Amino acid sequence: MPKPLQSRAVLLDLDGTLLDTAPDLIGTLNDLRAEEGLEPLTDGMVFPAVSHGSGPLISRGFDLEPGQARFQPLRQRFLDRYQERVSLTTRAFDGMDELLHALDALGVPWGVVTNKPGGLTEPLLKDLGYYHRAACVVSGDTLPWRKPHPAPVLLACEQLGMAPADCILVGDAARDVEAGHRAGVMTLVALFGYLAAEDRFTHWGADGVIRHPLEVLQWLAGDVRATSPLPRASCYA
């Protein structure tokens, strides 16, 4: 007899977990730099900001802080241009489609919990064929709160009809782990995502790490466990 699953649902962060959105985000930033008469930045120069949204990308791309006069106009132009090419070169990470097919075959619902605004999340997921497959999609503006607040994760669990203790949240940022812990779900760090060299993911307090999407299946079945508890860090300044 197959071993019964210990967890019954999977929640995925979007940028850097479900989808490799970096090519379109970096491409949009460099398009904007070109309009400003600036040379393109290399992927390596931008990569640490990719998982953290448009604000850090503008800061990285134009050496600006949020309070400076040019920041918000550039950020809005970035969002407008990104929306035009949101799914141009974005694809799922290697192994992610295999994971989703396996979850579907097992009857395990999966959903998306992201800080990306719904006006970008929904077109992207629809363009790539994931929107109607996902059992729930909670975007960054679905609620007044975003990760690391637990509310988006709790809403996703509610929409799945699952208790938080029956869910796994996979993400590539400290805010994902904190939101998951505060909501009471199991948390896994996707090492294939957008972790920067300075990210001390071993200090985030996740229940485990995965190097390939299909490793989620082992955690669903309870075949692996963290060997020792890791210290938890808050994302709040």
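**An enclosed helix, a pocket and a cysteine pair**

Eight of the 10 residues of α8 are buried, so this helix is largely enclosed by the rest of the structure. The model examined here is a predicted one. The buried residues of α8 are R175, D176, V177, E178, A179, G180, H181 and A183, a list in which charged side chains such as R175, D176 and E178 appear beside nonpolar ones such as V177 and A179. Around them, the packing partners are α7 (151–160), β6 (167–171) and β7 (186–190). Just after the helix comes G184, and its phi is positive, near 90 degrees.

The helix α8 also takes part in the largest pocket. Rolling a probe the size of a water molecule over the atoms shows where empty space is left. The largest pocket has a volume of about 640 Å³. Its lining draws two or more residues from each of α3 (54–62), α4 and α8 (174–183). Of the elements, α4 gives the most, with four residues. In total, 28 residues line the pocket, and those nearest its centre are S51, H52, G53, N115 and R175. R175 therefore has two roles in this description, being one of the buried residues of α8 and one of the residues nearest the centre of the largest pocket. By character, the lining divides into 12 nonpolar, nine charged and seven polar residues.

Next comes a single threonine, T90, found in the loop between α4 (71–84) and β3 (91–92). T90 counts as buried, with a relative accessibility of 0%. What does its side chain reach? One polar contact, of 2.8 Å, joins it to the side chain of D24, and the backbone oxygen of V86 is reached at 3.5 Å. Leaving aside neighbours within four places in sequence, T90 is in contact with L19, D20, T21, D24, L124 and L128. D24 thus appears both as a polar partner and in this list of contacts.

Finally, the cysteines deserve a look. How many disulfides does a search of the whole structure find? The search finds zero. C157 and C167 show why: the sulfur of C157 has its closest cysteine sulfur in C167, 3.8 Å away, which is too far for a bond, since a disulfide requires the two sulfur atoms to be within 2.5 Å. Seen from the other side, the closest cysteine sulfur to that of C167 is the one in C157. Both residues are buried, C157 with a relative accessible area of 1% and C167 at 0% relative accessibility.

Notes. Residues are numbered from 1 along each chain as its sequence is written. This is a predicted model: local features need pLDDT of at least 70, side-chain atom pairs count only at pLDDT 80 or more; totals for chains, interfaces and linings use all residues. Side-chain values use heavy atoms; hydrogens and water are left out. Buried means under 20% relative accessible area, exposed over 50%, partly exposed in between (1.4 Å probe, protein chains only). A polar contact is a pair of N or O atoms within 3.5 Å; within protein, one must be able to donate a hydrogen and the other to accept it, and residues adjacent in sequence count only if both atoms are side-chain atoms. Contact means heavy atoms within 4.5 Å. On a 1 Å grid over the protein atoms alone, a cavity is a set of points where a 1.4 Å probe fits but cannot get out, and a pocket is an open set with protein on both sides within 12 Å along at least five of seven lines; lining residues have an atom within 4 Å of a point. Grid points are joined across faces, edges and corners, and a volume is the space filled by probe spheres set on the points.
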